[in-house]
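Me: I have a new structure to look at, and I would like to learn how to read its features. Could you walk me through it?

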Amino acid sequence: MSDTEHLTTGSTKPIFPDDGVLRLYSMRFCPYAHRVHLVLDAKNIPHHNIYINLQAKPDWFTKMSSTAKVPALEVVKEGENSVLIESLVICDYLDEMYPEVPLYPTDPLKKAQDKILVQRFGHFITSLYKMLLDDKRELDLTDLITDLDIYENELKQRGSKFFGGSKPGMLDYMIWPWCERFAALKLDDGTQAELDPQRFLTLLQWRDLMLQDKAVKIFYLDGETHDKYMNSRKAGNADYNMLYHAAKRTRRE
């Protein structure tokens with residue numbers, strides 16, 4: 001997963017066998033694409049990964065996807081190619097098309113409530129990225145903490161290991177990419193931001209359990225790696241191929 005180069009302007013579109021296997025167009029550090037990777041891996045769905053350089057996109061990709069953004073899922077069915085966009089739309093499609101490992105609750109009300117919690121998490125996403133991209137690191141954690149209180153209380157009320165019950169469900173996977181990236185957040189003095197272990201006892205236990213999940217492990221990157229990528233992005237030259245070049249150096253050694 002990490003040693004694949006991101007395709008750029010002038011590159012040719014990969015040719016795949018006519019096997020009906022899904023094709024995911026992604027970017028290794030994109031949290032929205034991360035959502036789709038988690039669902040694909042949780043459900044053990046065969047798929048091809050194609051990484052896209054978002055600062056210099058291949059012409060064929062901009063023509064293929066209506067928004068030219070990732071994630072984009074190419075579905076090949078009965079000789080017809082369709083492209084789905086938007087992480088939540090793609091993940092809902094995968095959950096319906098591959099029901100063997102259901103990720104949503106079967107109860108319609110509980111499913112709707114989980115979807116509301118996914119939508120509400122958008123405020124946390126906005127606050128986190130403002131802090132990760134702030135050179136001065138002067139923003140405090142107030143907004144983040146307030147947002148997370150909702151999920152701490154919700155999980156405590158459910159009384160289960162995960163929001164999905166005894167194993168991760170759609171809500172767990174849809175919020176995880178940003179919870180993983182929280183480890184990249186540093187305070188003014190350069191130390192890593194930490195959650196209050198008493199205030200967020202349940203969420204911190206959830207985080208540790210999520211780190212043991214198979215799908216999370218497959219695509220996991222530590223806080224230092226996320227921080228290194230974010231620093232390259234702030235410098236104006238996002239290093240999409242950081243892991244690819246590191247893997248090449250390792251192979252040479």
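**Rings, charges and a helix**

Reply: Happily! Let us begin with a charge and a ring: the charged end of Arg 28 is placed over the ring of Phe 219, at 3.6 Å from the ring's centre. Keep in mind that this is a predicted model.

Me: How many aromatic pairs are there?

Reply: A pair of aromatic rings is described by two things, the distance of the centres and the angle of the planes. Here the count is eleven aromatic pairs. One of them is edge-to-face: Tyr 151 and Phe 163, with 6.4 Å from centre to centre and 80° between the planes.

Me: Which parts does the pair of Tyr 151 and Phe 163 tie together?

Reply: Tyr 151 belongs to helix 6 (residues 142–158), while Phe 163 is in the loop between helix 6 and helix 7 (170–181), so the pair links parts twelve residues apart in sequence.

Me: Are these two rings buried or exposed?

Reply: Tyr 151 is buried, with a relative accessible area of 2%, and Phe 163 is buried too, at 4%.

Me: What about the rings of Tyr 229 and Tyr 240: what kind of pair do they form?

Reply: Their centres are 6.3 Å apart and their planes meet at 35°, so this pair is tilted. Tyr 229 sits in helix 10 (residues 223–234) and Tyr 240 in the loop between helix 10 and helix 11 (242–252), so the pair ties together parts that are eleven residues apart in sequence. Tyr 229 and Tyr 240 are both buried.

Me: Which residues form an aromatic cluster?

Reply: Tyr 151 and Phe 163 appear again here, in one cluster with Phe 121, Phe 124, Trp 176 and Trp 206.

Me: Now a helix, please. How many residues does helix 4 have?

Reply: Helix 4 (residues 108–120) has 13 residues, and from its first C-alpha to its last it reaches 18 Å, close to the 18 Å expected at 1.5 Å a residue. At its start, a side-chain oxygen of Asp 107 comes to within 3.0 Å of the backbone nitrogen of Leu 109.

Me: Which residues of helix 4 are buried?

Reply: They are Asp 114, Leu 117 and Val 118. These buried residues cover an arc of only 105° around the axis, which puts them on the same side of helix 4.

Me: What covers them, and which exposed residues does the face turned away carry?

Reply: The cover includes helix 1 (31–42), helix 3 (87–97), helix 5 (122–132), helix 6 and helix 7. The face turned away from the buried side carries the exposed residues Pro 108, Leu 109 and Gln 119.

Notes. Residues numbered from 1 in each chain as written. Predicted model: local features only at pLDDT ≥ 70, side-chain atom pairs only at ≥ 80, totals over all residues. Heavy atoms only, no water. Phe/Tyr/Trp six-rings, centres within 6.5 Å; stacked < 30°, edge-to-face > 60°. Helix = DSSP H or I, 4+ residues; strand = E, 2+ residues; numbered from the N terminus. Buried < 20%, exposed > 50% of the residue type's maximum accessible area, 1.4 Å probe, protein only. Lys NZ or Arg CZ within 6 Å of the ring centre and 35° of its normal. Expected span 1.5 Å × (residues − 1). Arc of directions from axis to C-beta. Contact = heavy atoms within 4.5 Å. Polar contact = N/O pair within 3.5 Å; in protein donor to acceptor, adjacent residues only side chain to side chain.
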